[in-house]
Amino acid sequence: MTRKCHLSRYIHWAYLLGFLLFKIIGLATFSVQRNNSTRRSLETSCAFIGTKLAILYNLLLFCMAVSVFTTIPSRYYSDYTNKNMITTIVEIFLGILGTLMICTVLLCYCKDQSTLVRIGNHFILVETELRRLREPIDRKRTVCLLLVLYLFQLGLVVAVMVTDYLAFQSTPMLWLTDIMPIAFASWILIQYFSVLTFVNATFADVNGSIQSLCRSCSYCKRPMLFNQYRRVVVTSSSIQLLLRFRDIHDHLCSISDDISEFYSIPVLVGVSYVFFQFLYNVYYLLIPIVMNDIVLDPMILANTILLLVILVYPLSLLTTKITNTAKEVGASGHRAARARERGNLSEFSYFSLQIGKTRVSVHALLNCAIDGETKAELKQFSLQLLQRKIKFTANGYFVLDNTLLQTMLGAVTTYVVILIQFQMATTVPTVFHCNCTRE
């Protein structure tokens, strides 16, 4: 019991450290309140509350970000290796875009503070309800992985600053328009990834509980010859447990919809900024290789590679996590819906067994149950899963899954080739031929 209490305290302090980190950045416009009336578990003794002080802090950060506009013209006069007309124009554009991105995100967090508080409190209620229905949920591994990720991100930001100073002798004033927006956009994606990590883990726990219920009731057996299943009658307690799992799953889906809506605009502006920064740094990395008269400095190479890493890896983590969450929920039910509309019941049944772990477990239970009340509840659960189509999008412009990273890499490759061709065309000397005759 003592070891378990220490473990709970460790997870509790890890939560608070992560919260404090995002609080300093301006990505947490709420406070954590300790509720001493709850019993035992420290994980359920916290609640999120909105505060005006957090909004004032974000407004202060907003004013500081607006003041960065005064430093953007200095990018035109600054001197650095491999500077040309394209790099000057792009850096001024990225400075303006980065400042606008930070201001937009800070205002969104102030405006939607109540939504963020509601998401956090509802998620705590879901976790508490799930713990009442099964063994205590262990989040130690998840919290440790996220802490390692945060420390890696902090170390990467410091490494970028050090290499930027050694390569370009840049000042902290220039970092405000160069490195700070990159780090801010990365932290947005990492926070989104962290939230979805807990959501995905909770979905996995719900699916595991339903599968355990399936095994305990001897539902799910291997099909015998001619697709014959073992049929059993379910007790009323198992039905009530299934209904509670259905409510928890529906509540999790609603939380996922709220999360997708809350992060839609911040992720839209953040991913857009990441795309342009990634395009510029790939161009800056390749231009010394293509142009023979440009020097490739090792420190500049290290700085550019670190910038590419800090831009790409949070986005890859987020898209992978969203893809896994969609598989866990079963978000691809549109294929089954189309099959049902066409009246192809065999195709509908086949796709229903392929569109998510939750739906697979529910259909396995449905195929084996013979009790009328159980079948009615399972059909209702199956219909609920079929109608739930969770999509994590950037305000509806594009879906945040693995296809986004593939599309971005393809677009960057195309535009880098165009920029390099334009740079080569501007550096080739023009030869004029005069055919005039002198009288």
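## A walk through some loops, helices and cysteines

Asparagine 395 comes out as partly exposed, because its relative accessible area is 39%, and that falls between the 20% and 50% cut-offs. Bear in mind that this is a predicted model. Asparagine 395 sits in the loop between helix 14 and helix 15. Its backbone is worth a look too: phi is positive, about 60°, even though asparagine 395 is not a glycine. As a rule, most residues other than glycine have a negative phi.

Glutamine 169 makes a good companion. Here phi is near 50°, again a positive value in a residue other than glycine. Glutamine 169 belongs to the loop between helix 6 and helix 7, the latter covering 172–216. With a relative accessible area of 54%, glutamine 169 counts as exposed, since the cut-off for that label is over 50%.

Back to the loop that follows helix 14 (372–387) and leads to helix 15 (402–427): lysine 391 is found there as well. Is lysine 391 buried or exposed? Its relative accessible area is 56%, so lysine 391 is exposed. What lies across from it in the fold? The C-alpha of serine 260 is 7.3 Å from that of lysine 391, although 131 residues separate the two along the chain.

Threonine 87 gives another such long-range pair. Its C-alpha is 9.8 Å from the C-alpha of asparagine 281, and the two are 194 residues apart in the chain. Threonine 87 is in helix 4, which covers residues 85–111. At 1% relative accessibility, threonine 87 is buried, because buried means under 20%.

Here is how several of these residues, and a few still to come, score on accessibility:

| Residue | Relative accessible area | Class |
|---|---|---|
| Threonine 87 | 1% | buried |
| Threonine 163 | 11% | buried |
| Cysteine 144 | 25% | partly exposed |
| Leucine 60 | 48% | partly exposed |
| Glutamine 169 | 54% | exposed |
| Lysine 391 | 56% | exposed |

Now for threonine 163, which lies in helix 6 (residues 140–168). Why does threonine 163 count as buried? Its relative accessible area is 11%, so it falls under the 20% limit. Which backbone oxygens does its side chain reach? One is that of alanine 159, 2.9 Å from a polar atom of the threonine 163 side chain. Another belongs to valine 160, at 3.1 Å. Leaving aside residues up to four places away in sequence, threonine 163 touches Met299, Asn303 and Leu306.

On to the surface, and a nonpolar patch. Leu20, Ile24, Tyr57, Leu60 and Met64 make it up, and together they have about 490 Å² of accessible area. Helix 1 (2–25) and helix 2 (52–67) each provide at least two of the patch residues. Which helix gives the largest share? That would be helix 2, with three residues. Leucine 60 is found in this helix 2. Leucine 60 is partly exposed at 48%, so it clears the over-30% bar for patch residues.

Finally, the cysteines. How many disulfides does the structure hold? Zero. Take cysteine 63: the nearest cysteine sulfur is that of cysteine 103, and it is 8.9 Å away. A disulfide needs the two sulfur atoms within 2.5 Å, so this pair does not qualify. Cysteine 144, for its part, is partly exposed, with a relative accessible area of 25%.

Key. Residues are numbered from 1 along each chain as its sequence is written. This is a predicted model: local features need pLDDT of at least 70, side-chain atom pairs count only at pLDDT 80 or more; totals for chains, interfaces and linings use all residues. Side-chain values use heavy atoms; hydrogens and water are left out. Patches are made of residues with over 30% relative accessible area and no salt bridge: like charges are joined within 9 Å, nonpolar side chains (Val, Leu, Ile, Met, Phe, Trp, Tyr) within 5 Å. Accessible areas come from the Shrake-Rupley method with a 1.4 Å probe; for residues, only the protein chains shown count as cover. A salt bridge is a side-chain nitrogen of Lys or Arg within 4 Å of a carboxyl oxygen of Asp or Glu. Helices (H or I, at least four residues) and strands (E, at least two) are DSSP runs, numbered from the N terminus. Buried means under 20% relative accessible area, exposed over 50%, partly exposed in between (1.4 Å probe, protein chains only). A polar contact is a pair of N or O atoms within 3.5 Å; within protein, one must be able to donate a hydrogen and the other to accept it, and residues adjacent in sequence count only if both atoms are side-chain atoms. Contact means heavy atoms within 4.5 Å.
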